[in-house]
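Please look over the sequence and the model shown here before reading on. The paragraphs after them go from the overall form to single helix contacts and then to the backbone.

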Amino acid sequence: MKKGTMRKLITLVLAAVLMVSLLAGCKGVGSGSKSTVKVNTEGFPIVDEPLKLKIVNMQTPIQQDFNEIVILKNFEEKSGIDVEWINVPQEFVAERRNIMMASAEELPDVFFKMQFTAAEVAKYAKQGLFLPLSDLIEKYAPNVKAAFQEWPDVEKGLTLDDGKIYCLGYILGAPAITTGTKLFFNSEALEMVGKEVPTTLDDFVSVLQAFKDLDYNGNGKADEVPLTCSSYAGLEPVFYGSFGLGTRGGRHGYVDIDPATNELRFIPTSDRYKEVLQFMNMLYSEGLLDQEIFTMDMPKLIAKGEEGRALCYGFVNHSIIGYEYSEKSVGMEAPFKGPYGDQLWRNASSALSGFGNMVITKKNPSPEATMRWADYWYSDDGIREYFMGIEGETYYIDDEGNYQYTDYVMKNPDGIMFEQVLGAYVPWAGGANPSIASNKYFKGGEMQPITKASADKLYEYRAEVIWPSFTWQESENDDMVSISTDIDTYINENRALFVTGKRSFDEWDDFVKGFDNMRLDRYMEIYQNALKRYGY
Ligand SMILES: [Ca+2]
């Protein structure tokens with residue numbers, strides 16, 4: 001495999017991991033703990049007397065032993081806290097987590113990047129194994145507090161039933177990482193048909209119509225695809241905001257608030273959703289939408305992209321289609337204004353990614369010092385070190401004042417790919433970071449200029465209120481899982497039939513009636529409960 005391809009794949013994998021969000025049930029109370037360690041409430045070191053912490057961490061294959069990671073070693077000196085890192089290979093995280101929790105005697109002082117689900121955090125909090133952090137945050141974590149003020153949905157998302165927080169999460173602070181799948185156009189093809197990047201649904205359709213007749217790659221065959229994506233499920237929501245759907249962001253596929261009534265709305269049975277499907281059906285039947293859209297996957301998108309056949313494609317970033325054509329891409333400049341004037345960017349998601357990425361156990365000799373240690377990774381200095389490493393070695397500041405990785409990282413003399421070079425300096429690979437991926441210091445695939453330019457514009461059209469992933473209560477969890485499975489299956493089957501014209505829209509009412517057997521009322525009741533709990 002070529003180095004560039006490998007790097008691209010790794011970037012994609014990292015991006016995917018980054019976007020992972022966990023759903024689960026929660027309930028819990030916890031116990032406090034008093035320690036005798038003297039903690040400085042500000043400045044460094046955090047402790048004057050040496051303090052030792054045992055921290056269990058996730059380690060990806062491209063990372064060093066965390067005991068050797070440069071910025072972590074440096075912080076030991078600065079903080080006065082000596083950490084013994086216990087590396088758990090990424091693929092064994094869930095298994096090792098369970099084993100360690102089953103034997104409370106073997107608990108470390110902290111779990112770091114170990115990705116406890118909300119249900120697990122709630123369970124172990126209730127058992128008193130994880131400490132409540134709310135008071136500690138109040139007294140010892142000014143940077144975490146500031147982050148909660150900037151992203152209130154993150155604080156809400158982390159708060160359990162008892163009103164307390166038991167873990168710190170990964171905050172996606174750069175808009176580009178939270179804008180989701182968007183559309184990219186081949187700028188050369190746009191020029192050839194004399195069109196601009198469309199900003200209304202009508203103009204979008206006329207661009208696709210022009211693409212349909214264009215022999216862009218000049219092989220005399222009509223092998224170009226006007227519009228494609230790595231999956232139909234990824235593509236459809238791109239258009240929700242043009243029809244006024246998805247008013248609470250991208251983490252809730254089927255439910256939002258109907259602005260006309262201010263009531264909870266089940267999207268798939270709404271008239272507006274019918275119009276989305278009719279629109280997709282029109283694209284499909286006119287040959288504007290990839291005829292293979294229901295069997296598309298990422299490798300197929302890469303292939304069509306690399307062959308110069310994907311004239312407009314949907315994905316989170318433009319790097320997916322190979323260097324030659326990806327650099328000719330230009331992203332959406334706004335959501336497409338729809339038939340009723342709606343122009344919302346639905347795919348924007350909550351900044352909270354994942355859940356229990358930093359927890360303090362009851363074994364911890366100084367939760368106070370530990371909270372200050374954790375707070376550092378939410379400070380400007382801490383975030384810079386966490387994501388960029390060491391000035392002059394892994395990064396520099398360019399003439400415009402931007403932070404950039406050095407050639408040693410990006411064009412390594414030994415030919416090592418950049419994430420692996422970084423793996424010796426910084427701990428961010430693999431996601432699940434109890435820190436903030438910020439515009440200034442996060443440089444993953446979503447931050448490449450073409451994608452970022454589009455994302456920054458779309459971000460301005462995001463919903464005013466964006467819900468984080470919700471956690472369900474113990475009594476709701478089973479219902480939610482089984483009802484969701486039925487709903488998913490039913491919708492996936494039927495929308496494919498509607499879009500491809502195998503099912504007539506005359507049968508829409510029958511389709512809607514089909515939900516009657518799926519306990520939709522219970523599904524909506526659980527959602528109502530969640531909204532009450534979260535205060536939405
Ligand atoms: Ca052609």
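What follows describes the overall form, two helix packings and two backbone features.

The model is predicted, and local features are given only where pLDDT is at least 70, side-chain atom pairs count only at pLDDT 80 or more, and totals for chains, interfaces and linings use all residues. Residue numbers start from 1 along each chain, following the sequence as written.

The protein has 21 helices and 14 strands, where helices (H or I, at least four residues) and strands (E, at least two) are DSSP runs numbered from the N terminus. Its radius of gyration, 24 Å, is close to the 24 Å that the globule rule gives for 536 residues, so the protein is as compact as a globular protein of that length; the radius is taken over C-alpha atoms, and the rule is 2.2 Å times the number of residues to the power 0.38. Along the principal axes, the C-alpha atoms fill a box of roughly 75 × 60 × 35 Å. The domain assignment, which is automatic or from a database, gives domain 1 (3-176 + 351-439) and domain 2 (181-347 + 441-536), and the centres of these domains, taken over C-alpha atoms, are separated by 32 Å.

Helix 19 (residues 474-500) takes part in both of the packings described here. Its axis and that of helix 21 (residues 520-534) come within 10 Å and cross at roughly 130 degrees, with axes being lines fitted to C-alpha atoms, for helices over the stretch in contact, and angles running from 0 to 180 degrees between N-to-C directions. Helix 19 and helix 21 are therefore oblique to each other, given that angles under 35 degrees count as roughly parallel, over 145 as roughly antiparallel, 65 to 115 as roughly perpendicular and the rest as oblique. In this contact (C-beta atoms, placed from the backbone, within 7 Å), Glu476, Asp479, Met480 and Ile483 of helix 19 meet Arg522, Tyr523 and Ile526 of helix 21.

Helix 11 (residues 271-285) packs against helix 19 at an angle of about 50 degrees, with the axes 7 Å apart, which makes helix 11 oblique to helix 19. Here Leu277, Met280, Asn281 and Tyr284 of helix 11 meet Arg495, Phe498, Val499 and Thr500 of helix 19.

Two backbone features remain. The peptide bond from Phe44 to Pro45 is cis, with omega near 0 degrees, and Pro45 is placed in the loop between helix 1 (3-19) and strand 1 (51-59). Lys113, in strand 3 (residues 110-116), has a phi near 65 degrees, a positive value in a residue other than glycine. Most residues other than glycine have a negative phi, and most peptide bonds are trans.

Terms used
Contact = placed C-beta atoms within 7 Å.
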